[in-house]
Amino acid sequence: MINNGDVSFVLISAALVFIMTPGLAFFYGGMVRRTSVLTIMLQSFASMGIVTTLWFLYGFSLAFGTDFHGIIGGFNYLLLQNVFMAGPNPHYGGTIPLYAYFAFQEMFAVITPALITGAFADRVKFKSYMFFLILWSSLVYIPVTHWVWGGGFLQQIGFVDFAGGAVVHTTAGMAALASILMVGSRKFKIDEPHNITYVALGTGLLWFGWFGFNAGSALAANTLAANAFINTDIAASVALVTWLIFSWSIRKQPSIMGALTGSVAGLAAVTPAAGYVHPWAAAVIGIGASLACYAAVEFRKKVKWDDALDVWGVHGVGGILGIILTGVFAESAVNHVSGLIQGNVHQFLIELLGIGIVAGYSFGLSYLLLKFVNVFMPIRVPENEEKQGLDVELGEEAYRL
């Protein structure tokens with residue numbers, strides 16, 4: 001039976017997740033060169049338009065339609081047919097119309113490929129990115145969503161991911177790693193953000209939207225949603241403080257960029273666990289995420305991977321760690337799933353297996369898709385455009401001197 005309160009909550013949560021993509025545009029926009037800010041912001045906004053169209057045409061159906069051998073969904077929801085008149089689906093929110101679930105999941109599908117753009121900032125053609133965006137959403141994001149949330153084989157064996165540690169952050173993070181290895185490093189590298197105030201604004205919007213991301217994944221206005229909301233804030237806050245203190249002790253100066261990055265690491269890591277753990281575990285996850293992601297960022301610098309905005313180091317590593325720690329700290333009193341802390345080794349091993357499959361699939365196929373796109377159109381911009389900044393391709397300027 002439809003509950004109007006739950007419907008309102010899920011639709012508001014969907015709107016909160018929506019604002020995360022413009023927030024990401026500011027977050028990334030502040031970190032690139034001033035002559036590339038419009039391009040990277042357009043990459044986020046383009047995802048809003050293109051992925052929404054794909055999700056309406058076939059994405060939602062292939063992700064959440066009738067299961068086909070655990071691999072992909074069916075065609076029963078193409079063009080939203082059979083969705084408007086459908087009552088609540090017990091698997092996708094038993095008290096909300098399927099329309100509301102469509103809207104909520106659409107926002108997840110939109111932001112995930114946009115996350116990848118931070119890895120190859122300052123060097124990829126916009127047209128090539130759009131082609132990759134369509135292929136990646138169709139062949140990586142949609143199948144993984146079905147495997148984890150749509151009745152696919154990972155869900156069938158008991159793998160859990162409350163709000164997207166695997167589906168969103170691991171897929172995007174591993175695609176980011178594939179892109180930096182395939183596309184190569186920037187020739188005109190500038191690691192200093194051009195506008196840290198944009199980064200701070202973007203972080204605030206992301207954090208705000210993340211409450212819808214995680215709490216909304218309860219799909220009802222209930223205690224579980226409140227628990228996920230609290231866990232989200234605690235993990236982000238603890239991770240912010242941890243990164244700030246740790247980097248301060250090394251740099252001998254406090255860093256707002258360190259604080260902002262730490263909060264995002266905590267948000268990414270708590271995402272899969274938010275609806276399965278108690279708040280004290282969320283705090284531990286926040287500390288672990290901050291230290292692990294900091295180490296990952298330092299590692300990629302040492303091996304000279306040009307992950308321009310640390311998508312792999314923060315989202316990829318954070319998402320993977322969050323899934324693993326879900327297998328450790330999940331408690332049945334929260335949401336009927338127990339982990340190592342309650343002696344459930346089986347669940348922990350399933351989490352390890354599932355995240356290994358998702359990470360390997362996203363990395364491998366993303367690399368091949370980038371190679372494929374490069375055959376038909378060069379991935380990289382010409383050297384002179386890279387030197388000037390990617391906004392020259394748009395013929396527009398963010399700042400006029």
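Me: Which residues form one aromatic cluster here?
Reply: In this predicted model, one aromatic cluster is formed by Trp55, Phe60, Phe64, Tyr77, Tyr92, Tyr101, Phe102 and Tyr141.

Me: And how many aromatic pairs does the count come to?
Reply: The count comes to 30 aromatic pairs. One of them joins phenylalanine 27 and tyrosine 28, whose ring centres are 5.9 Å apart. Their planes stand at 40°, so this pair is tilted.

Me: Are those two residues buried or exposed?
Reply: Phenylalanine 27 is buried, with a relative accessible area of 6%. Tyrosine 28 is buried as well, its relative accessible area being 1%.

Me: Back to the cluster: why is the pair of phenylalanine 60 and phenylalanine 102 edge-to-face?
Reply: The planes of the two rings are at 80°, and an angle over 60 degrees counts as edge-to-face. The ring centres of phenylalanine 60 and phenylalanine 102 are 5.3 Å apart.

Me: Which parts does that pair tie together?
Reply: Phenylalanine 60 belongs to helix H2 (residues 37-64) and phenylalanine 102 to helix H3 (residues 98-116), so the pair links parts that are 42 residues apart in sequence. Both phenylalanine 60 and phenylalanine 102 are buried.

Me: New topic: where does proline 113 lie?
Reply: Proline 113 lies in helix H3. Proline 113 is buried, with a relative accessible area of 3%.

Me: What does proline 113 touch?
Reply: Leaving aside residues up to four places away in sequence, proline 113 touches Ser47, Val51, Leu133, Trp136 and Ser137.

Me: What separates the C-alpha atoms of proline 113 and alanine 175?
Reply: A distance of 8.8 Å separates these C-alpha atoms, while proline 113 and alanine 175 are 62 residues apart along the chain.

Note on methods: Residues are numbered from 1 along each chain as its sequence is written. This is a predicted model: local features need pLDDT of at least 70, side-chain atom pairs count only at pLDDT 80 or more; totals for chains, interfaces and linings use all residues. Side-chain values use heavy atoms; hydrogens and water are left out. Rings of Phe, Tyr and Trp (its six-membered ring) pair if their centres lie within 6.5 Å; planes under 30 degrees apart count as stacked, over 60 as edge-to-face and the rest as tilted. Buried means under 20% relative accessible area, exposed over 50%, partly exposed in between (1.4 Å probe, protein chains only). Helices (H or I, at least four residues) and strands (E, at least two) are DSSP runs, numbered from the N terminus. Contact means heavy atoms within 4.5 Å.
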